[in-house]
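Colleague: I should like to go through this model with you, beginning with a single residue and ending with the contact between chains. Please give the reasoning before each result.

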Amino acid sequence: MIVKHKKKRNLLETIFLVEILKGMGLTLRRMFSKPVTCQYPTEKRQPSLGFRGKHALVRNPHTQGSKCVACLRCVTICPSQCISIRFHQDEENGPRLLDSYEIEALRCIYCGYCAEVCPVNAILLTESYEYSSYDRQSIFFDQEKLLANWDEFMDQGNHNPHTYVNPFWRPRGCDIKGLAAPRRKAVPEEWTREGQIVGRKHKAAASPAPPEQGAKQ
Amino acid sequence: MAEINFTKLLVHLVVLVDVVLLHVAYATYFERKVIGHMQMRMGPTRVGPMGLLQPIADGIKLFFKEDIIPAAADRPLFYAAPIICLVAMLSCLAVLPFDPNHVLADLNIGLIFIFAMSSLASYGVVLAGWASNSKYSFLGGMRSMSQVISYEIAMGLSLVGVMMMTGSLNLGQIVAAQAASPFGIYAIPQFIGFFVFVVSMLAETNRVPFDLPEAETELVAGYCTEYSGIRFSLFFMAEYIGMIVMASIGTICFLGGWNGPFTVPYVPFFWFLLKIYAIMFFFFWVRATLPRYRYDQLMDLGWKFLIPLALANILLTGLMKTVLE
């Protein structure tokens, strides 16, 4: 740590209040600078990549239903236990069929674990954050509402449904081979940041350290 | 004859009070805008164009708010305190000369009268602190009393130099004498006095950095903690009128009153108002910049620094006067 000691002021500086005058000069200059205020209801801030907002279930374009396979991973990992799933099986060892998928969004802490753990990219958190309400019922999301949330989010047209990726879909440092097949998605170009592992090629380009492996061989 | 004077006086009085109260309302708007921009915010923007109707909305809100009186309060004193404050501050306005022809009461002891009235206003503050029966109010009232007593002395002494140079306590005559002096304003020959005056002006009006009587972080709102609605706004008005009065004294005694580099036709009080606005801006500028003083530092500054400085200024002024004559 670098400790910067304040310079001792001399008598002249004390008499003429130089430090106070400097401070007042600063405030005067700031008065003519542009305010940083974002006038919220009229101008809206663009959420950053990986913003964790309103929940949505991705609509499967083939079945028009959700992609959920009722594996219950999200239910298990949810710290606030706000997700509940009901399912049934028509035959023993057959596919699980989803009956209901409910999120009590008032209890949600927006950790994004459910989106991170989902093997089929069914649940995710969108960038929409304006959904406050006067009653609890409208913030209790059932499957219909969650699918509608996805449609609404896609209708805004900011994202391609095939490439929309939240960082929780593929956390940093996570090897692509360790992910389930539906999660190995193409990532939009602007999302490839430093330290982000996006395919083998990108990894090789980002860390030029193969001589170690060569030495071993 | 007497009746005509009475009507004229009444009109003058009503106009004066209205203009000053309008200034008080828009001083709050000016303050919020200035401090907002200094902190890179915007200040009020919602009510009316550029938020210009904000003070009116605030006034309406304060007027219709519930008037809560604590059960343990001393009621007569609780009612009287804000009125004492406001009346004392308003009566200061009577002796202020806004231009050569507009002064409500041309007193020969104008300066002393203003000192007396602004000290009287601190009675209101102390009584409010006492009558509220709350520890925050009480501490705020106590602090206000000791602060006003300490800085009243420094302020009075800082103006003695001006009195010596003018030989009068009449505010109109002070301005006239100033116009005749070589520099035109007393702030240059009386620069020590002016400095002491500016610092004690901030302390007298309980403004930052000497806002200990209403230190939000320690005392909630100080002496007006228990006040609400219209009673609170009376204190608020008294504080801002106090600021205007102090700005006027600064203008009259040090900055040349209604005289300026050139005369503006039809608006004889143009320079006076401009100087008042400049000093008000200085109040807000200081508020946006400086943190609050600690209590013992405040007392040290008042008693150990400003009063000796003001006494030295009197000595110097006297010496200069004898040498020059």
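Colleague: Is B:Ser150 buried or exposed?

Modeller: The model is a predicted one. B:Ser150 has a relative accessible area of 2%. Because buried means under 20% relative accessible area, B:Ser150 is classed as buried.

Colleague: To which backbone atom does the side chain of B:Ser150 lie at 2.6 Å?

Modeller: B:Ser150 is placed in helix α5 of chain B, residues 135-166. Beyond its neighbours within four places in sequence, B:Ser150 is in contact with B:Met299, B:Trp303 and B:Ile307. The atom 2.6 Å from a polar atom of the side chain of B:Ser150 is the backbone oxygen of B:Ser146.

Colleague: Which helix gives the largest share of the largest nonpolar core?

Modeller: That core has 89 residues, and B:Leu159, B:Leu171, B:Ile249, B:Cys253 and B:Met280 touch the most other members. Its largest share, 14 residues, comes from residues 229-254 of chain B, helix α9.

Colleague: Which residues does B:Met280 contact, leaving aside its neighbours within four places in sequence?

Modeller: B:Met280 is among the residues that touch the most other members of the core. With those sequence neighbours left aside, its contacts are B:Ala27, B:Met243, B:Ile244 and B:Ala247.

Colleague: How many salt bridges are counted between chain A and chain B?

Modeller: The two chains bury about 1400 Å² between them, with 71% of it on carbon and sulfur atoms. On the side of chain A that touches chain B, the residues are 7 nonpolar, 6 polar and 2 charged. Between the chains there are 5 residue pairs in polar contact, whereas the count of salt bridges is 0.

Note on methods
Residues are numbered from 1 along each chain as its sequence is written. Chains are lettered from A and ligands numbered from 1 in the order in which they are written. This is a predicted model: local features need pLDDT of at least 70, side-chain atom pairs count only at pLDDT 80 or more; totals for chains, interfaces and linings use all residues. Side-chain values use heavy atoms; hydrogens and water are left out. Buried area is the accessible area (1.4 Å probe) that two parts lose on being put together, summed over both. A salt bridge is a side-chain nitrogen of Lys or Arg within 4 Å of a carboxyl oxygen of Asp or Glu. A polar contact is a pair of N or O atoms within 3.5 Å; within protein, one must be able to donate a hydrogen and the other to accept it, and residues adjacent in sequence count only if both atoms are side-chain atoms. Ala, Val, Leu, Ile, Met, Phe, Trp, Tyr, Cys and Pro count as nonpolar, Asp, Glu, Lys and Arg as charged, and the others, Gly among them, as polar. A nonpolar core is a set of buried Ala, Val, Leu, Ile, Met, Phe, Trp, Tyr and Cys residues joined through side-chain atoms within 4.5 Å. Buried means under 20% relative accessible area, exposed over 50%, partly exposed in between (1.4 Å probe, protein chains only). Helices (H or I, at least four residues) and strands (E, at least two) are DSSP runs, numbered from the N terminus. Contact means heavy atoms within 4.5 Å.
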